[in-house]
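Visitor: I have a chain to look at today. Can you walk me through it?
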Amino acid sequence: MASEIGPPADQSWLRAVADDAAHFDRSSSAERVADVLRRRITDGVLRPGTQLSEESLKDALQVSRNTLREAFRLLTHEGLLVHRMHRGVFVPDLTEDDLLDLYRLRRVLECDVVRGLADLDPAQLEPLRADVEAAESAAVEEDWISVGTANMRFHRHLVGLAGSTRINEITGRLLAELRLLFHVIATPRALHEPYIARNRSLLELLETGQYARAADDLNAYLLDSQAALLEAFRARA
């Protein structure tokens, strides 16, 4: 699934991971460590091609080597890491086939969740409203990486309206893989800016109970996003 690319020189992601370590118990399981790394992939901090050093991460997270290796195994199973023989563990570079597969799953999950909504309590939409406002504020500052992170959170909170633990878990893994695809577009602004207003529009439809229309708009939104990424993949090839 992954093609090999050189690891980026920037190691700032390691400081971000170390910051996360301050917020969990040092006896945390491999699942907790995997969650830290998964979250940093979703936030766009861990980029395709990044090599994960066992020694550096063990010290940053203050966990045992066995715990770290088990976390690597879990994330490799999810497709978020890849082990290269005699070289180590890397964040993968995904393919065009991965893109098509992920977007098909997104349309199945997200549109079905929205279409099945009914009589939402306005308080349930507060996280989505906060995500939209965060993206709008970040855009004013031209912080397009933060716009992308707010967009990821918007979609996670959107799916969270279903109240399903299983769907939430699947979506968490899906969005982490999706963020790896976003790096194919050289300018984050071109990728994220068109969807700030579209997220606001989706929120307004949900606020007024227009769930069927919101699901249709979301389907078109996801098809447009897929097309833009496909164009970028083919231009790179």
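Visitor: How much area does the chain expose, and what share do carbon and sulfur atoms supply?
Guide: The chain exposes about 11700 Å², and carbon and sulfur atoms supply 48% of it. Accessible areas come from the Shrake-Rupley method with a 1.4 Å probe. This is a predicted model, where local features need pLDDT of at least 70 and side-chain atom pairs count only at pLDDT 80 or more, while totals for chains, interfaces and linings use all residues. Residues are numbered from 1 along each chain as its sequence is written, and side-chain values use heavy atoms, with hydrogens and water left out.

Visitor: What share of the residues is buried?
Guide: Of 237 residues, 49% count as buried, meaning under 20% relative accessible area (exposed is over 50%, partly exposed in between; 1.4 Å probe, protein chains only).

Visitor: New topic. How many helices and strands are there?
Guide: There are 11 helices and three strands. Helices are DSSP runs of H or I with at least four residues, strands runs of E with at least two, numbered from the N terminus.

Visitor: Take α4. Which residues are buried there?
Guide: T67, L68, A71, F72, L74 and L75 are buried in α4. They lie on the same side of α4, because they cover an arc of only 160° around the axis, taken from the directions from the helix axis to the C-beta atoms.

Visitor: What covers them?
Guide: The cover includes α2 (30-42), β1 (51-52), α3 (54-61) and β3 (88-90). Contact means heavy atoms within 4.5 Å.

Visitor: And which exposed residues does the face turned away carry?
Guide: That face of α4 carries N66 and H77.

Visitor: What comes just after α4?
Guide: G79, with a positive phi of about 85°.
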